[in-house]
Amino acid sequence: MDAGSESGHPQAAGAGPPAAARDGAAAQRHRVVIVGGGFGGLFAARFLRRADVDVQLLDRTNHHTFQPLLYQFATGVLSEGAVAPPLRQVLRRHRNVSVELLDVTEFDLEARTVTAVRPLGPPLTIPYDSLIVAAGATGSYFGHDEFAQFAPGMKTVDDALELRARIFGAFEMAEVEPDPEKQRAWLTFAVIGAGPTGVEMAGQIAELSRRALKRNFRRIDPASARVLLFDGGHEPLATFGDRLCAIATKEIERTGVELRMRSRVTDVAYDAIVVQGPSGEERVACHTKVWSAGVQASPLGAILAAACGAQTDRAGRVEVLPDCTLPGHPEVFVIGDMMSLNDLPGVAEVAMQSGIHAGRTIKRRLRGSDAPKPFVYRDLGSMATIARFRAIVSFKGIKVGGFIGWLMWAFVHLTFLTGFKNRGTALFKWITAFIGSARDERTITIQQASARIIAMRANVKPGEEDLSRYVDKRSRP
């Protein structure tokens, strides 16, 4: 059985370099392989729904992650289903699209194949006629990857699940901690990076402690929790401009978040962080840390660049031609957070529009037009929510803050959420969480609350060692 049939599809004509092997072969539909089911990959697949092509979407997970709302999942507002619907469900009506749970590890651009690892079994070699690489980005620790164990980022469902366990676990640990000093450390939350993700996360942790957890505990007052927001810049949400930054600063402080600007985190440990600030070095005792200080392209960017000799920028993004293709390989598109083009930001809107551009280019080529058209990004503005009913929005010169900004933020996010059911679920949860105070998505177990703590104390990453025997000992009477 050849690699193509192992992956569930017949070998595509034109997939490999030997022209002789393709001569006389029966004509088959153009094969498009998409790597990554994020905004870029999903929108490309959707745009090709009625095209005369077969689309194979490969991803390490079986879901599409709506990253702008991951922080609400981590703080108990939304469920994972609301922010991460299954790709197969989203694309169920796209009869020409297949979804496969695979981890792409290698590209052979001359042979026009990708190599991918299955959950079980040998690697697969998958041919393509057009390739769209949309593997997204990961968190950047600026050369200190060891910080990740103690300060998870906010890029994946795994990240959000880990942070949810740490956030709610911290309140549980504080409730049973007799030492006041150690209790204060459990009730101190450090968010590193004052961009949109960091500001949104800090605001929700503050609201969680002051509203949602009221009267839930007997020995601690959740409202006494400290939420610290660190950033090396002079003001939060600096890309929004001075006027909106001033509004954001006021609203952030109103929620009770302590802003620590011009403060750079230099070390992260299990129970503390070390901060270099305006007044010198400071050690802050805290168990729960959230890292939102930077991003870098998926490691697949470096692999792809090495395969074709392309350059990458400081964030690991692949430098592409104006039409989002690789130099010398017009059949390969690099889009979204993985592409470096005209200093475009790594935001969802860039990914969506570049995914549509790649799909449109493929359809145009199938109609016989080979003239490349550059990707033109239409900036639809930026927005960030700070707390319930408070957000800032910058759109084509219009700068809005407060409740009006929050309504605009809510409308846009409901519009782009995948699926009518998820929109309805999100709206209902927002009403109960923001008008009321209910946060139902708070389920954790003793395994989550204690095994992670034991692992971090032992400097072992969760999952590297079976810690159940330690948890069992701790839970016995």
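## A tour from helix α7 outward

Start by selecting L163, I167, F168 and F171 in α7, then add M201, I205, L208 and S209 in α9: these two sets meet each other. You're looking at a predicted model, so keep that in mind as you click around. Helix α9 covers residues 196–212, and α7 packs against it at an angle of about 35°, with the axes 12 Å apart. Turn the view until one helix passes in front of the other and check the hand: this crossing is right-handed.

**Stop 1: the big core**

Keep F171 selected and grow the selection around it. Leaving out residues up to four places away in sequence, F171 touches L187, F189, L208, S209, L213, F217, I220, P222 and A225. Now add L69, M201, I273 and W430: together with F171, they have the most contacts inside the largest nonpolar core, which has 83 residues. Which helix gives the most to this core? That's α7, residues 157–175, with nine residues. As background, nonpolar side chains in soluble globular proteins tend to be buried together.

**Stop 2: another core**

Next, pick V32, L131, F333 and M338. They are among the 51 residues of another core, which lies apart from the 83-residue one.

**Stop 3: α3 against α12**

Show α3 (residues 39–47) and α12 (residues 348–366) as cartoons. Their axes come within 7 Å and cross at roughly 35°. Is the crossing left-handed or right-handed? Here α3 passes α12 in a right-handed crossing. For the side chains, select F39, G40, F43, A44 and F47 on α3; on the α12 side they meet A348, A351, M352, G355, I356, G359, R360 and K363.

**Stop 4: S394 and its surroundings**

Jump to S394, which sits in strand β22, residues 390–395. Is S394 buried or exposed? S394 counts as buried, because its relative accessible area is 17% and the cut-off is under 20%. Draw a C-alpha to C-alpha distance from S394 to S382: they are twelve residues apart in sequence and 5.2 Å apart in space. Besides S382, S394 touches F240, L244, G381 and K399, again leaving out residues up to four places away in sequence. Zoom in on K399, whose side chain makes a polar contact with the side chain of S394 (3.4 Å).

**Stop 5: two odd phi values**

Stay in this part of the chain and bring up a Ramachandran plot. Most residues other than glycine have a negative phi. F389, in the loop between β21 (382–387) and β22, has a positive phi near 65°. On the other side of the strand, K396 is found in the loop between β22 and β23 (398–401), and its phi is positive too, at about 50°. Colour both by accessibility: F389 is partly exposed at 21% relative accessible area, while K396 is exposed at 63%.

**Stop 6: two cysteines**

Select C286 and C308. C286 is buried, with a relative accessible area of 0%, whereas C308 is partly exposed at 21%. How many disulfides does the structure hold? Zero.

**Last stop: zoom out**

Show the whole protein chain, with its 16 helices and 23 strands. Of its 477 residues, 51% count as buried. If you draw a contact map and keep pairs with a separation of 6 or more, residues 24 or more positions apart account for 62% of the contacts.

Methods: Residues are numbered from 1 along each chain as its sequence is written. This is a predicted model: local features need pLDDT of at least 70, side-chain atom pairs count only at pLDDT 80 or more; totals for chains, interfaces and linings use all residues. Side-chain values use heavy atoms; hydrogens and water are left out. A nonpolar core is a set of buried Ala, Val, Leu, Ile, Met, Phe, Trp, Tyr and Cys residues joined through side-chain atoms within 4.5 Å. Buried means under 20% relative accessible area, exposed over 50%, partly exposed in between (1.4 Å probe, protein chains only). Helices (H or I, at least four residues) and strands (E, at least two) are DSSP runs, numbered from the N terminus. Contact means heavy atoms within 4.5 Å. A disulfide is a pair of cysteine sulfur atoms within 2.5 Å. A polar contact is a pair of N or O atoms within 3.5 Å; within protein, one must be able to donate a hydrogen and the other to accept it, and residues adjacent in sequence count only if both atoms are side-chain atoms. Axes are lines fitted to C-alpha atoms, for helices over the stretch in contact, and angles run from 0 to 180 degrees between N-to-C directions. A crossing is left-handed if the near helix is turned anticlockwise from the far one by less than a right angle, and right-handed if clockwise.
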